[in-house]
Amino acid sequence: MPDTVDFDLPERVSVTGENTLLPFLRQNPDVPLDISALRLRRFDTPLVQLLLAAAADRRARGLRLRVTRLSTDQAAELAALGVTPDLLETEVQE
């Protein structure tokens, strides 16, 4: 399996405007990804939808997409939005 490629989400991500996440996903279509949420202030619904779609696409092709360095509040936020580990692999920061 190829090496995992890391990406750090900025404080805010607009999936409808200019951002660095979409080009990153397009440039790395065939490798496992770890996306750090350390600096992210909050998850909004369009971002969660994008991450879920990217994770489903990769999962269908035998690749991993994992959101890492989540705070417990961010993990709770995702859970409140109905995101389960089956939909999106996450790692909470200790």
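**Exercise 1. Strand β3**

How many of the six residues of strand β3 (residues 65–70) are buried, and what follows for the strand?

Solution.
- The model is predicted.
- Take the cut-off: a residue is buried when its relative accessible area is under 20%.
- Five of the six residues in β3 pass as buried.
- The strand is therefore largely enclosed by the rest of the structure.

**Exercise 2. The elements in order**

List the helices and strands as the chain presents them.

Solution.
- Start with the count: there are three helices and four strands.
- Then read from the N terminus: the pattern is β-α-β-α-β-α-β.

**Exercise 3. The sheet**

Work out the strand order of the sheet and find its edges.

Solution.
- Begin with β1 (residues 5–8), which pairs with β2 in the parallel sense over four bridges.
- Two facing positions in this pair are Asp-6 opposite Asp-34 and Asp-8 opposite Ser-36.
- Next, β2 (residues 33–36) pairs with β3, again parallel, over four bridges.
- Here Ile-35 has Val-67 as its bridge partner in β3.
- Last, β3 and β4 are joined by three bridges, also in the parallel sense.
- Arg-66 faces Glu-89 of β4, and Leu-70 faces Val-92 of β4.
- Put the pairs together: the four strands form an open sheet in the order β1-β2-β3-β4.
- β1 and β4 each have a single partner strand, so they stand at the edges, and one side of each lacks a neighbour in the sheet.
- From one strand to the next, the twist averages 20°.

**Exercise 4. The crossovers**

Trace the chain from β1 to β2 and state the hand of the crossover. Then do the same for β2 to β3 and β3 to β4.

Solution.
- From β1 (residues 5–8), which pairs in parallel with β2, the chain passes through helix α1 (residues 21–27) to β2, in a right-handed β-α-β crossover.
- β2 and β3 are parallel partners too. The link between them is helix α2 (residues 45–60), and this crossover is right-handed.
- The step from β3 to β4 uses α3, and its β-α-β crossover is right-handed as well.

**Exercise 5. Helices against the sheet**

Which strands does α2 lie across, and at what angle to β3 does it run? Which strands does α3 touch?

Solution.
- Helix α2 lies across β2 and β3 and runs at about 135° to β3.
- Helix α3 packs on the sheet and touches β3 and β4.
- The direction of α3 makes about 135° with that of β3.

**Exercise 6. Thr-84**

Place Thr-84 in the chain, and decide whether it is buried, partly exposed or exposed.

Solution.
- Thr-84 sits in the loop between α3 (72–80) and β4 (89–92).
- The partly exposed class runs between 20% and 50% relative accessibility.
- Thr-84 has 34%, so it counts as partly exposed.
- For distance, compare it with Phe-24: the two are 60 residues apart in sequence, and their C-alpha atoms are 24 Å apart.

**Exercise 7. The whole chain**

Test whether the radius of gyration agrees with that of a compact globule. Then describe the chain's extent, burial, contacts and surface.

Solution.
- For 94 residues, a compact globule would have a radius of gyration near 12 Å; the chain has 12 Å, so the values agree.
- Along the principal axes, the C-alpha atoms fill a box of roughly 30 × 30 × 20 Å.
- Buried residues are 37% of the 94.
- Among contacts with a separation of 6 or more, 73% come from residues 24 or more positions apart.
- The chain exposes about 5700 Å², and carbon and sulfur atoms supply 49% of that area.

Technical notes. Residues numbered from 1 in each chain as written. Predicted model: local features only at pLDDT ≥ 70, side-chain atom pairs only at ≥ 80, totals over all residues. Heavy atoms only, no water. Buried < 20%, exposed > 50% of the residue type's maximum accessible area, 1.4 Å probe, protein only. Pairing = 2+ DSSP bridges. Right-handed = clockwise from strand over helix to strand, strands pointing away. Axes fitted to C-alpha atoms, helices over the stretch in contact; angles between N-to-C directions. Contact = heavy atoms within 4.5 Å. Rg over C-alpha atoms; globule rule 2.2 N^0.38 Å. Areas by Shrake-Rupley, 256 points an atom, 1.4 Å probe, with all protein chains shown as cover.
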